[in-house]
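Here is a short report on the pockets of one protein model and the ligand bound to it. Look over the structure first, then read on.

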Amino acid sequence: MSTNNVITILLVEDEDFDVRRVKNTIRLFAERLQIADVVSNGRAALDLIQKKADKYDVVILDYQISGGLRGEELIRKIKEVDPFIQIIVITKMTINVSDYEFASNLLKSGAFWYCTKYPGNIEEYIYQPTDFILSIFNAYEKKTLEKHKLKADRRLMQNVENLLEAKKLIGESKPMVQLREAIEKYAKSDVNILISGASGTGKELVAWNIHLKSRRRYEKFVPINCGSIPHELIESELFGYEKGSFTGANAMKQGLFEVANNGTIFLDEVAELSLPAQVKVLRVIQDGEIEKIGRTGSMSVNVRIIAATNKNLATEVNEGRFREDLYYRLNVVPLDVVPLRQRGDDILLLIEYFLEFFSSDLGVAKPIVDPRAHEILLNYKWPGNVRELRNVVQRLVLNCTEKITAKDVSNPMILHNHILTKDDSNFDDMSSGQVLPLREMERIFRLRYFKYVRSISSSDSNAAEKLGLAPSNFYRMCKELGIK
Ligand SMILES: Nc1ncnc2c1ncn2[C@@H]1O[C@H](COP(=O)(O)OP(=O)(O)OP(=O)(O)O)[C@@H](O)[C@H]1O
Ligand SMILES: [Mg+2]
């Protein structure tokens, strides 16, 4: 009995004698137990429950009442109207079916408890009073718990929805559409996933999305950057230790696998895991067990592992830096996040998205981007991918007023390495340090420049357009340069 609220009861009983017996049975607790209404048939009961939403906590229901609507059917209907109401059934002793079958049917239709009425010669009580009263209190407790649970579930759901909105993956290009489809598909299962992609492409965001769409979404998502933890500490970070297991272990420490139990662990930069730590991670995957430092025996955990790397993990395996068995265990489903420059107009969508985000964050009007500025941003190579774009847009919002112009964008403070990066303008590099005839140098320049423009274009005709060439000229020049 957790609260002292009054428990409001609806009594459905058609015999005055039994109404009196019920009232008398709970009389001692009249302060807490209040029979608010008494009705004699199912229809009237249902009407009241419908009209006075949320009024009754408990229905005490006689099984054998007159009228068509009664018994299991009535119980189901009441629960449909208000699933939180708890129903206690009282019945005459003369039941034909076996007790077990009868009780089981009642409970299946949604009753909380049932008891058989005392015989008619016991005039004071309907049932043993303590048990009867306790069952009403318990019914009320159950109602309260169910309500709390619903509230908590709603809050959790809301949290997940807010997170999904905050972690939205922007992009309509083919690779992004495919990536989203893969996320939907694999999130539902529990398979381990290896996400590969260059720095800043959105690997962590992908991992978040998988978690938030999985069955584990109400549990923890625990990201850990394997590259940022010193090798000698990684095991204690991942698996924890017992108090006193080594000098300085003054208290027990939970490892991240334990923290993530039932949820998802995100092993970022997984290629940086030391070989001994790799063995232990393999153990978790194979046996679902962790070995805590200083603890005899192991502990079971249930975690889904999502790993990410911007290295080629297969190469790491070939060169002996990464265990092959672990590689296959992590790489059950490989997801590749392509560089931003291969996502075409997603660049514009992302610019819009971050403009909106940062201007509303700063409380300023969203600036308009001039077409020439768009052009530059669209043609830029984005070596730092989405993270770089996000930073660029943030700087633009901070520095510009209503309009973002080509000049704003070309400012070296904004695009740090504008199209002519050092690589592209360095003559030593282009001609291996020799001085070449102009024609030859032009050829080398064209070759590189064409290759570059093609790499950031969605098609050859798009590349031709960027270069200001008719497609036929573009094809001819490519042929002359030996590209194709
Ligand atoms: N498709 C996208 N839509 C919206 N925001 C994105 C998208 N991709 C990445 N971002 C944002 O860009 C930033 C970098 O993304 P994230 O940290 O997921 O990249 P990463 O691949 O894990 O990078 P790193 O390899 O450097 O760890 C984050 O702020 C992220 O929210
Ligand atoms: Mg990351």
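Which residues lie nearest the centre of the second largest pocket? They are Asp-345, Leu-378, Asn-379, Asn-462 and Lys-466. The model is a predicted one.

**The second largest pocket**

This pocket is lined by 14 residues. Its volume is about 250 Å³. Two helices, α14 (371-379) and α20 (460-467), each supply at least two residues of the lining. By class, the lining has three nonpolar, six polar and five charged residues.

**The largest pocket**

Now turn to the largest pocket. About 740 Å³ of space lies in it. Its lining counts 28 residues. Nearest the centre are Gly-202, Glu-204, Leu-205, Arg-387 and Arg-390. Five elements each give at least two residues to this lining: α5 (129-166), α7, β13 (304-309), α13 and α15. The lining divides into 12 nonpolar, six polar and 10 charged residues.

What takes up the space of the largest pocket? Ligand 1 does.

**Ligand 1 and its shell**

The shell around ligand 1 holds 19 residues. The closest are Ile-170, Gly-200, Gly-202, Lys-203 and Arg-387. By class, the shell splits into eight nonpolar, five polar and six charged residues.

Three polar contacts run from backbone atoms to ligand 1. The table lists them.

| Residue (backbone N or O) | Atom of ligand 1 | Distance |
|---|---|---|
| Ile-170 | nitrogen | 2.8 Å |
| Gly-202 | oxygen | 3.0 Å |
| Leu-205 | oxygen | 3.0 Å |

How much of ligand 1 does the protein bury? Taken alone, ligand 1 exposes 630 Å², and the protein buries 85% of that. Three helices give two or more residues each to the shell: α7 (203-212), α13 (346-362) and α15 (385-399).

**Putting it together**

Some names come up again. Gly-202 is among the closest residues to ligand 1, and a backbone N or O atom of Gly-202 lies 3.0 Å from a ligand oxygen. Gly-202 is also one of the residues nearest the centre of the largest pocket. Arg-387 is listed among the closest to ligand 1 and among the nearest to that centre. Helices α7, α13 and α15 serve the shell, and they also supply the lining of the largest pocket.

Conventions
Residues are numbered from 1 along each chain as its sequence is written. Chains are lettered from A and ligands numbered from 1 in the order in which they are written. This is a predicted model: local features need pLDDT of at least 70, side-chain atom pairs count only at pLDDT 80 or more; totals for chains, interfaces and linings use all residues. Side-chain values use heavy atoms; hydrogens and water are left out. A residue is near a molecule or strand if one of its heavy atoms lies within 4 Å of it. A polar contact is a pair of N or O atoms within 3.5 Å; within protein, one must be able to donate a hydrogen and the other to accept it, and residues adjacent in sequence count only if both atoms are side-chain atoms. Accessible areas come from the Shrake-Rupley method with a 1.4 Å probe; for residues, only the protein chains shown count as cover. On a 1 Å grid over the protein atoms alone, a cavity is a set of points where a 1.4 Å probe fits but cannot get out, and a pocket is an open set with protein on both sides within 12 Å along at least five of seven lines; lining residues have an atom within 4 Å of a point. A molecule sits in a cavity or pocket if more than half of its atoms lie within 2 Å of its grid points. Helices (H or I, at least four residues) and strands (E, at least two) are DSSP runs, numbered from the N terminus. Ala, Val, Leu, Ile, Met, Phe, Trp, Tyr, Cys and Pro count as nonpolar, Asp, Glu, Lys and Arg as charged, and the others, Gly among them, as polar. Grid points are joined across faces, edges and corners, and a volume is the space filled by probe spheres set on the points.
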